[in-house]
Amino acid sequence: MRSDCTTQRLNGSMPRDIARAVEILRAGGLVAFPTETVYGLGADAANGQAVARIFAAKGRPVDHPLIVHIASASALRAWARDIPEAAMQLAARFWPGPLTLILKRAPGVAGAASGGLDTIGLRVPGHPVAQALLQAFGGGIAAPSANRFGRISPTCADHVLSELGGCIEAVLDGGKCAVGLESTILDLSRGRPQVLRPGAVTAGMLAEVIGPLDDGLSSRPPRAPGSLAAHYAPATPLHLVESPFLESETARLAATGAVIVLARRKPMSDAGGQWMLLPEEAAAYGRDLYARLREADAQGAAHILVESPPAGPDWVAVHDRLRRAVAGSGGINRSGS
Ligand code: TXA
Ligand code: MG
């Protein structure tokens, strides 16, 4: 890995900068780029050495598979085999968009991007900069989220630079990500379709198109780092607290050190702590969550308290990421979720 390179900030809305990003990818370099979910750390998926650099830059174990991004569903057959009808139906409904499909890997596709598995994760992102890049590049772009392994995914170019600046050739700036949480991952490679990671495309939306899913989330061993308990973590211990207990917990912890509270409401009493407001509605909350977690983390507080969000299908992905952030940061889950 060239860990001493200068990272160029490219402008995603300039055709000349897209062309520069393509040149870097063709030469085996790394380019972070925006998608509607989070920023990805991209390399030419057909170049094993370039893909290996992704793992080195992130500090990610090499057996953890990456998602290959393609320009449109018509490229599916180059990457996957035995593609079920369900995949075509979902592609027609949700691509471009925040949905990754796990399919059987086509013969001849190098295993580097998929961690040596016989399956492959594929996604057509909808962000106009990702689309422009994929179309100009022509091939598949392997890209995990552009953060160091185990840390919070980046939702703007500055987040990428703060984690990977100096380790990658370029970041294409395309502003803030509209979804803010990683894509839904659906495994269509074996048995009944199963959600491996919840996201903006909910299980209900998928079932509406292809019928019942396997809902036994724990019935199979975790096969994806996204399904490890301790992913997406801030460095500050993060605790999840039911709303009625926020003030009392804040007061209790404030006795031992600085406390930051991330809540969808203002404090009802002078509970202490520094309160940061998150949106009330699920999509907006998901969009802002990682940026707020980063800000909270950067304050150097002793604890971050997060008000447990509501239940319901729109909140499943948020609950999933918060649970992992609690586990990864060494915090405590005081909520029922
Ligand atoms: O929204 C997203 O999905 C973002 C953007 C950049 O597309 N990408 C992302 O990548 O979140 P990453 O590497 O941070 O997470 C990809 C997840 C991992 O949990 C990985 O294990 C899983 O996808 N995955 C990829 N290929 C797989 C496969 N063949 N079988 C099972 N899981 C797979
Ligand atoms: Mg990731």
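**View 1. How helix α9 gets its cap.** Let's start with Glu 281, which caps the N-terminal end of α9. One of the side-chain oxygens of Glu 281 sits 3.1 Å from the backbone nitrogen of Ala 283. Keep in mind while you look that this is a predicted model. At the other side of the helix story, just after α9, you'll find Gly 300 with a positive phi of about 70°.

**View 2. Checking the span of α9, and finding its bend.** Helix α9 covers residues 282–298, which makes 17 residues. At 1.5 Å a residue, α9 should span 24 Å, and the C-alpha atoms at its ends are indeed 24 Å apart, so the two values agree. Now look at Leu 289: there, α9 bends by about 40°.

**View 3. What α9 hides, and what does the hiding.** Plenty to pick out here: the buried residues of α9 include Tyr 285, Leu 289, Tyr 290 and Leu 293. Asp 288 and Arg 294 are also buried. So what covers the buried residues of α9? Among the covering elements are helices α6 (157–164) and α10 (316–329), along with strands β12 (238–241), β13 (259–263), β14 (274–277) and β15 (303–307).

**View 4. A salt bridge within α9.** Here the side chains of Arg 292 and Glu 295 meet, with N and O 2.8 Å apart. The two residues are three apart in helix α9, which means about one helical turn separates them. Is Glu 295 buried or partly exposed? Its relative accessibility is 36%, so Glu 295 counts as partly exposed.

**View 5. A salt bridge linking a loop to α10.** The structure holds 18 salt bridges, and this one pairs the side chains of Glu 182 and Arg 321, at 2.8 Å from N to O. Glu 182 is in the loop between β9 (170–173) and β10 (184–187), while Arg 321 is in helix α10, so the pair ties together parts 139 residues apart in sequence. Buried means under 20% relative accessible area. Glu 182, at 2% relative accessibility, therefore counts as buried, and so does Arg 321, at 1%.

**View 6. The network around α10.** Asp 320 and Arg 324 form a salt bridge too, and their closest N and O atoms are 2.5 Å apart. These partners are four residues apart in helix α10, so about one helical turn lies between them. Asp 320 is buried, with a relative accessible area of 6%, and Arg 324 is buried as well, with 8%. Put the pieces together: salt bridges with shared partners join Glu 182, Asp 320, Arg 321 and Arg 324 into one network.

Definitions and conventions: Residues are numbered from 1 along each chain as its sequence is written. Chains are lettered from A and ligands numbered from 1 in the order in which they are written. This is a predicted model: local features need pLDDT of at least 70, side-chain atom pairs count only at pLDDT 80 or more; totals for chains, interfaces and linings use all residues. Side-chain values use heavy atoms; hydrogens and water are left out. The expected span of a helix is 1.5 Å times one less than its number of residues. The bend at a residue is the angle between axes fitted to the seven residues ending there and the seven starting there. Buried means under 20% relative accessible area, exposed over 50%, partly exposed in between (1.4 Å probe, protein chains only). Contact means heavy atoms within 4.5 Å. A polar contact is a pair of N or O atoms within 3.5 Å; within protein, one must be able to donate a hydrogen and the other to accept it, and residues adjacent in sequence count only if both atoms are side-chain atoms. A salt bridge is a side-chain nitrogen of Lys or Arg within 4 Å of a carboxyl oxygen of Asp or Glu.
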